[in-house]
Amino acid sequence: MNFLRRRFSSSDIQGDLTREEQSGHVNLKRGQSPSAPSSPSKAGSGITRGLFSSVGKSTTTYNKDRCKILLVVDDQHTDWSKYFRGKKIFGDWDVRVEQAEFSEINLASYSDTGTMVDMRVTRNGTRVVRSFKPDFVLIRQHVRDANENWRNIVLGLHYGGIPSINSLQSVYNFLDKPWVFAHLIQIQRRVGKERFPLIDQAYYPNHKEMLVTPKFPVVVKIGHAHAGIGKVKCDNHYDYQDIASVVAVTNCYSTTEPYVDGKYDIHVQRIGNNYKAFMRKSISGNWKANMGSAMLEQIAMNERFKLWVDECSQLFGGMDIVAVEGIQGKDGKEYIIEANDSSMNLLGESQEEDRKQIAELVLQKMQMFCKPIQSLHKTPSTSALYHYAINGPTKPDARQDISPTKPAPMPQPNFGGRPTIPPPMSNPNPPPTAEFVIKDLEESSDDTMRNLRKTFAGIFGEIVH
């Protein structure tokens with residue numbers, strides 16, 4: 001197989017992204033990546049970078065009165081504004097992109113006015129402070145990691161009712177991996193273990209129940225973390241007892257699962273209706289394929305992989321961006337390890353294509369959930385009322401369209417020979433709305449025309465006689 005050699009630690013992924021993007025053009029907004037040193041021709045001096053960055057920001061224009069604000073939660077290695085530059089929604093509405101990490105965001109949410117976000121970011125050594133009300137949110141950063149927990153920010157966004165990809169409900173459900181794994185167990189029970197080969201796992205809320213010795217070797221996962229952090233391989237019960245003592249001081253839950261001697265890792269992703277599958281094999285000798293050096297290749301998507309990711313995409317009310325991680329064992333069996341949401345890593349040479357697909361998906365969702373608010377009742381102008389009074393309604397049924405919806409009272413039968421007096425209205429002094437003004441003007445115009453006809457009839461009648 002033709003493997004693509006690539007490093008897959010978190011810092012190395014960022015470095016590879018920078019090299020790939022800089023090969024096409026130089027984005028002067030993005031700072032240098034520590035793992036990808038730039039040549040003087042690409043980087044330039046700090047003063048030059050600051051000068052051109054300020055010029056680039058000034059050229060990004062949008063209609064302040066007709067724009068929707070998109071908040072992208074991601075690091076600065078990916079400039080999401082370029083994927084929305086020049087894009088329009090609702091015909092002529094611009095998309096204003098505000099990008100920051102969770103650590104650079106604070107907010108206040110109100111039940112009547114929504115959420116106000118304060119963003120404090122540093123761009124090329126310049127401190128930028130802005131406040132705005134986002135209309136939509138794209139979350140591309142883990143809400144919770146080994147030493148970070150931005151649950152309070154997610155609560156504030158949901159408090160203001162801001163739509164997002166994925167939904168804030170699903171993002172909140174991904175704050176604990178055992179919670180997600182419990183839902184994967186439900187999928188396996190519904191579709192069967194052969195079609196959804198989820199790995200066996202045990203959950204311990206604390207260290208006190210970690211007494212039963214599992215079958216070794218075993219993998220112990222402590223707490224909620226990503227990128228291989230908190231995962232320990234135990235080859236015997238002595239190592240297992242040592243890890244149990246570590247769990248005791250961390251005050252975290254833990255899970256154990258059998259160690260699988262794998263040939264390669266499997267990554268299946270879905271972005272909207274686009275599916276991709278990758279295989280990743282470690283070449284550094286680490287039992288964690290996502291640590292150190294690895295080889296990556298995009299493989300054919302089959303119905304088995306599609307079932308995995310489709311079933312996971314239906315969790316927590318539905319997810320537009322989802323990934324399933326698995327292992328191909330040397331025993332010939334496949335094992336599903338976990339599922340990830342919109343903060344999943346993008347792999348391979350198609351990362352730019354994946355980001356464009358995410359941007360198109362965001363635009364589609366903004367078309368659905370961010371429609372401009374229009375007034376339902378418009379007060380007609382004086383000239384419009386005058387035109388209506390002189391020319392009458394433009395349609396035969398115009399009076400029915402503008403008349404009050406309350407039906408008129410039925411006339412009462414007259415049994416006494418006296419003229420029938422109509423019953424009084426429930427509201428004798430209705431407010432002078434546009435409907436009543438138009439009706440009065442129409443009635444007065446009818447009286448005027450009736451008087452003119454009588455006058456002309458009298459004049460012409462005298463001339464004839």
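In this predicted model, helix α7 (residues 237-250) lies across four strands, namely β10, β11 (218-222), β12 and β13, and runs at about 10° to β11. The strands beneath this description form an open sheet of 4 strands, in the order β10-β13-β11-β12 and with antiparallel pairing. The edges are taken by β10 (202-204) and β12 (231-234); each has a single partner strand, so one side of each is left without a neighbour in the sheet. On average, and with direction ignored, neighbouring strands of this sheet are turned by 25° against each other. A closer look at one edge is helpful here. Strand β10 pairs with β13 (residues 254-258) in the antiparallel sense, over 3 bridges. Ala202 has Thr256 of β13 as its bridge partner.

Attention can now turn to the nonpolar interior. As a general background, nonpolar side chains in soluble globular proteins tend to be buried together. The largest nonpolar core of the model holds 27 residues, and those touching the most other members are Leu184, Ile187, Phe196, Val268, Trp308 and Cys312. At least two residues of this core come from each of α6 (177-191), β14 (262-271), α8 (303-313), β17 (321-329) and β18 (334-340). The element that gives the most to this core is α6, with 5 residues. Ile187 offers a convenient view of the packing: leaving aside residues up to four places away in sequence, Ile187 touches Gly192, Phe196, Glu311, Cys312 and Leu315. Another core, of 24 residues, lies apart from the largest one, and its members include Tyr83, Ile89, Leu361 and Met366.

Helix α4 (residues 151-159) makes a pleasant case for reading a helix by its faces. Which residues of α4 are buried? They are Ile153, Val154, Gly156 and Leu157. Viewed down the axis of α4, these buried residues fall within an arc of 160°, so they line one face of the helix. Asn152, His158 and Tyr159 are exposed, and they are carried on the face of α4 turned away from its buried side. Against what do the buried residues of α4 pack? Their partners are the strands β2 (67-73), β5 (105-110), β6 (114-123) and β8 (136-139), together with helix α5 (168-173). After α4 comes Gly161, which has a positive phi, near 70°.

Key:
Residues numbered from 1 in each chain as written. Predicted model: local features only at pLDDT ≥ 70, side-chain atom pairs only at ≥ 80, totals over all residues. Heavy atoms only, no water. Core = buried A, V, L, I, M, F, W, Y, C linked by side-chain atoms within 4.5 Å. Buried < 20%, exposed > 50% of the residue type's maximum accessible area, 1.4 Å probe, protein only. Contact = heavy atoms within 4.5 Å. Pairing = 2+ DSSP bridges. Axes fitted to C-alpha atoms, helices over the stretch in contact; angles between N-to-C directions. Arc of directions from axis to C-beta.
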